[in-house]
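Please walk me through this fold in running prose, beginning with its aromatic rings and going on to the sheet, the turns and the core.

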Amino acid sequence: MFNKEVIVRCESGLHNKQATYFVQKANEFSSSIWVECDNRKMNAKSLLGIMSLDIVTGDEVTLSAMGSDAEEAVLALELLLQRDVY
C-alpha cells in the first residue's frame, strides 16, 4: 500500500473535465486506487465517486493505492491535482 497526502492546487478542483481526466488516468493503472477527503473514501476509478467528494482548490486529500504499480499511480494522480489539464 502506498499513501500520499496532497493539497489540491488545480483551480477547478476535481469537477467536470478535471475529474474526467483524473479518472481516466487512474484507469490506466492496474492497482486499486482510492481518494479520501473529509473522512470520505472513494474509488479513484469511479467518476461519480470522485465528483461526489466535491473536492475544491486547497483541499487536502489522501491518495492510496495497492498493487504492482501503486506508487507510480499515486504520483501520476498527484501531478493532475497540481494543475488544470485542459
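The structure holds zero aromatic pairs, where rings of Phe, Tyr and Trp (its six-membered ring) pair if their centres lie within 6.5 Å, with planes under 30 degrees apart counted as stacked, over 60 as edge-to-face and the rest as tilted. This is a predicted model, in which local features need pLDDT of at least 70 and side-chain atom pairs count only at pLDDT 80 or more, while totals for chains, interfaces and linings use all residues. Residues are numbered from 1 along each chain as its sequence is written, and side-chain values use heavy atoms, with hydrogens and water left out.

One ring nevertheless has a charge over it: Lys-41 lies over the face of Trp-34, at 5.2 Å from the ring centre, the criterion being that NZ of Lys or CZ of Arg is within 6 Å of the ring centre and within 35 degrees of the ring normal. Trp-34 also has Asn-43, in strand 3, as its bridge partner.

The sheet itself is open and consists of four strands in the order 1-4-2-3, with antiparallel pairing; strands (E, at least two residues) and helices (H or I, at least four) are DSSP runs numbered from the N terminus, and two strands pair if DSSP finds at least two bridges between them. Strand 1 (2-7) and strand 3 (40-43) stand at the edges with a single partner strand each, so one side of each is left without a neighbour in the sheet. Neighbouring strands of this sheet are turned by 25° against each other on average, direction ignored, the axes being lines fitted to C-alpha atoms, for helices over the stretch in contact, and the angles running from 0 to 180 degrees between N-to-C directions.

Strand 2 (residues 32-37) is joined to strand 3 by four bridges, the two running antiparallel, and Val-35 stands opposite Met-42 in strand 3. Strand 2 also pairs with strand 4 in the antiparallel sense, over five bridges, and there Ile-33 has Ala-65 of strand 4 as its bridge partner. In a regular strand the side chains alternate between the two faces of the sheet. Along strand 2, Ile-33, Val-35 and Cys-37 point to one face and are buried, whereas Ser-32, Trp-34 and Glu-36 point to the other and are not; buried here means under 20% relative accessible area, exposed over 50%, and partly exposed in between (1.4 Å probe, protein chains only).

Where strand 2 meets strand 3, the two form a hairpin with two residues between them, and Asp-38 in the turn has a positive phi of about 55°. Asn-39, in the loop between strand 2 and strand 3, has a positive phi of about 60° although it is not a glycine, and Asn-39 is exposed, with a relative accessible area of 75%. Another positive phi, of about 55°, belongs to Asp-54, which is not a glycine either. Asp-54 lies in the loop between helix 2 (47-52) and strand 4 (60-66) and is partly exposed, with a relative accessible area of 48%.

What holds the most contacts inside the largest nonpolar core? This core has 26 residues, and Phe-22 and Val-35 are those with the most contacts inside it; a nonpolar core is a set of buried Ala, Val, Leu, Ile, Met, Phe, Trp, Tyr and Cys residues joined through side-chain atoms within 4.5 Å. Helix 1 (16-26), strand 2, strand 4 and helix 3 each supply at least two residues of this core, and its largest share, six residues, comes from helix 3. Not counting residues up to four places away in sequence, Phe-22 touches Leu-14, Val-35, Ala-44, Ile-50, Leu-63, Leu-77, Leu-80 and Leu-81, contact meaning heavy atoms within 4.5 Å.

In helix 3, the buried residues are Ala-70, Ala-73, Val-74, Ala-76, Leu-77, Glu-78 and Leu-80, and what covers them includes strand 1, helix 1, strand 2 and strand 4. Leu-80, in helix 3 (residues 70-80), counts as buried because its relative accessibility is 9%. Beyond four places in sequence, Leu-80 touches Cys-10, Gln-18, Tyr-21, Phe-22, Lys-25 and Val-85. Glu-78 also has its place in helix 3 and, at 17% relative accessibility, counts as buried. With residues up to four places away in sequence left out, Glu-78 touches Lys-4, Val-6 and Leu-63.
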